Amino acid sequence: MKLPIFIADAFTAKPFHGNPAAVCLLENKLDEDMHQKIAREMNLSETAFIRKLCPTDNFTQSSRFGLRWFTPASEVPLCGHATLASAAVLFHKIKNVNSTLTFVTLSGELKARKAEDGIILDLPLYPAHPQTAIGDTLVQDIRYSPDTRKLLVRLSDTYDRSFLEKLQVNTQSLLQVENTGKVKGLILTLKGEPGGQTQAFDFYSRYFAPWVGVAEDPVTGSAHAVLSSYWSQQLGKKDMHAFQCSCRGGKLEISLRPDGRVDIKGGSAIVLEGTLTA
């Protein structure tokens, strides 16, 4: 078996920033168990597998493909950064001739469009519902998204970006606290600050998903499908700039659409190209 494989850093224009994803191009059907074995071998937060939908399709000319995402532990229903990485590989390395690509996924059809300074993802927009806080915690709000099984915790507005960046989260304790299967990801978020000497962002976040084998994800498109809905309501804005405060960090440009979906734009940097042999 020989598979073309790439690693692309998503939601950044600089190599070794943003969120890395492995991308495999499948010319032929892959044994089901091999998806998980390859993802475990790559050991990134996500490995994406792009497949042809028809035998006559090709990666340069076709505009519709199947797409699946795997963490080292399991398949996931939605991954934004690995979708952006997949589009970047097709657009920039394979030289796909189309300006828009459609991916058929477990979350329905997702589109990726070329932009002058990045790639725009068309993702579902997921609402998050109020939850009750337990204990004396310095949080502003708690919401739960049943569609994505993500828990959103907005920290107090008295905190700043540096507090969120330095916050220590024991992800193993999260597994012990929540073992019902209701939560698959924890979003910590904070209201943005005025620009000053640094770029102004409408909100910040970090994302933890030990329930699917990812302690902390560097930059998470699927989390922003929830965050976009929440912060649009809170700020009264349709267009926003977001920053995910992991050690790698990543910028996202967000635009809510009239059709109830969200466009998320980010840059990409392909850092590895090779062949997977087994």
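These legends describe close-up views of a predicted model.

**View 1. Helix α1 and its packing.**
Helix α1 covers residues 32-42. Among its residues, Met34, His35, Gln36, Ile38 and Ala39 are buried. The buried residues of α1 pack against a set of strands. These are β1 (2-10), β2 (19-26), β3 (47-52), β4 (64-70), β5 (75-76) and β18. Strand β18 spans residues 268-277.

**View 2. A salt bridge within α1.**
Asp33 and Lys37 form a salt bridge. Their closest N and O atoms are 3.2 Å apart. Both residues belong to helix α1, and they sit 4 residues apart, so about one helical turn separates them. Asp33 is partly exposed, at 42% relative accessible area. Lys37 is partly exposed too, with a relative accessibility of 45%. Side chains of opposite charge can pair when their charged atoms come close.

**View 3. The residue after α1.**
Asn43 comes just after α1. Its place is in the loop between α1 and β3. The phi of Asn43 is positive, near 60°, and Asn43 is not a glycine. Most residues other than glycine have a negative phi. Asn43 is exposed, with 56% relative accessibility.

**View 4. Phe16 and a nonpolar surface patch.**
Phe16 lies in the loop between β1 and β2. Its phi is positive, about 70°, although Phe16 is not a glycine. At 62% relative accessibility, Phe16 is exposed. Phe16 joins Val271 and Leu272 in a nonpolar patch on the surface. Together the three residues offer about 290 Å² of accessible area. Leu272 belongs to strand β18. Leu272 is partly exposed, at 39% relative accessibility.

**View 5. Helix α2, largely enclosed.**
Helix α2 runs over residues 80-93 and has 14 residues. From first C-alpha to last, α2 reaches 19 Å. That is close to the 20 Å expected at 1.5 Å a residue. In α2, 12 of the 14 residues are buried, so the rest of the structure largely encloses this helix. The buried residues include Gly80, His81, Ala82, Thr83, Leu84 and Ala85. Ser86, Ala87, Ala88, Val89, Leu90 and Phe91 are buried as well. Lys95 follows α2 and has a positive phi, near 60°.

**View 6. Helix α5 and its kink.**
Helix α5 holds 15 residues, numbered 221-235. At 1.5 Å a residue, α5 should span 21 Å. The C-alpha atoms at its ends are 20 Å apart, which agrees. A kink of about 30° is centred on Leu227. Leu227 is one of the buried residues of α5. Others among them are His224, Tyr230 and Trp231. In α5, 12 of the 15 residues are buried, so the helix is largely enclosed by the rest of the structure. Gly236 follows α5, with a positive phi near 65°.

**View 7. Arg154 and Asp157.**
The side chains of Arg154 and Asp157 meet in a salt bridge. The distance from N to O is 3.1 Å. Arg154 is buried, at 6% relative accessibility. Asp157 is partly exposed, at 35%.

**View 8. A salt bridge between two strands.**
Arg206 forms a salt bridge with Glu216. The closest N and O atoms of this pair are 2.9 Å apart. The pair links distant parts of the chain, with the two positions 10 residues apart in numbering. Arg206 is in strand β13 (residues 203-209), and Glu216 is in strand β14 (residues 214-217). Arg206 is buried, with a relative accessibility of 7%. Glu216 is partly exposed, at 27% relative accessibility.

**View 9. A network of salt bridges.**
Six residues are linked here by salt bridges. They are Arg113, Asp122, Arg257, Asp259, Arg261 and Asp263. The structure as a whole holds 19 salt bridges.

Methods: Residues are numbered from 1 along each chain as its sequence is written. This is a predicted model: local features need pLDDT of at least 70, side-chain atom pairs count only at pLDDT 80 or more; totals for chains, interfaces and linings use all residues. Side-chain values use heavy atoms; hydrogens and water are left out. A salt bridge is a side-chain nitrogen of Lys or Arg within 4 Å of a carboxyl oxygen of Asp or Glu. Buried means under 20% relative accessible area, exposed over 50%, partly exposed in between (1.4 Å probe, protein chains only). The expected span of a helix is 1.5 Å times one less than its number of residues. The bend at a residue is the angle between axes fitted to the seven residues ending there and the seven starting there. Patches are made of residues with over 30% relative accessible area and no salt bridge: like charges are joined within 9 Å, nonpolar side chains (Val, Leu, Ile, Met, Phe, Trp, Tyr) within 5 Å. Accessible areas come from the Shrake-Rupley method with a 1.4 Å probe; for residues, only the protein chains shown count as cover. Contact means heavy atoms within 4.5 Å.
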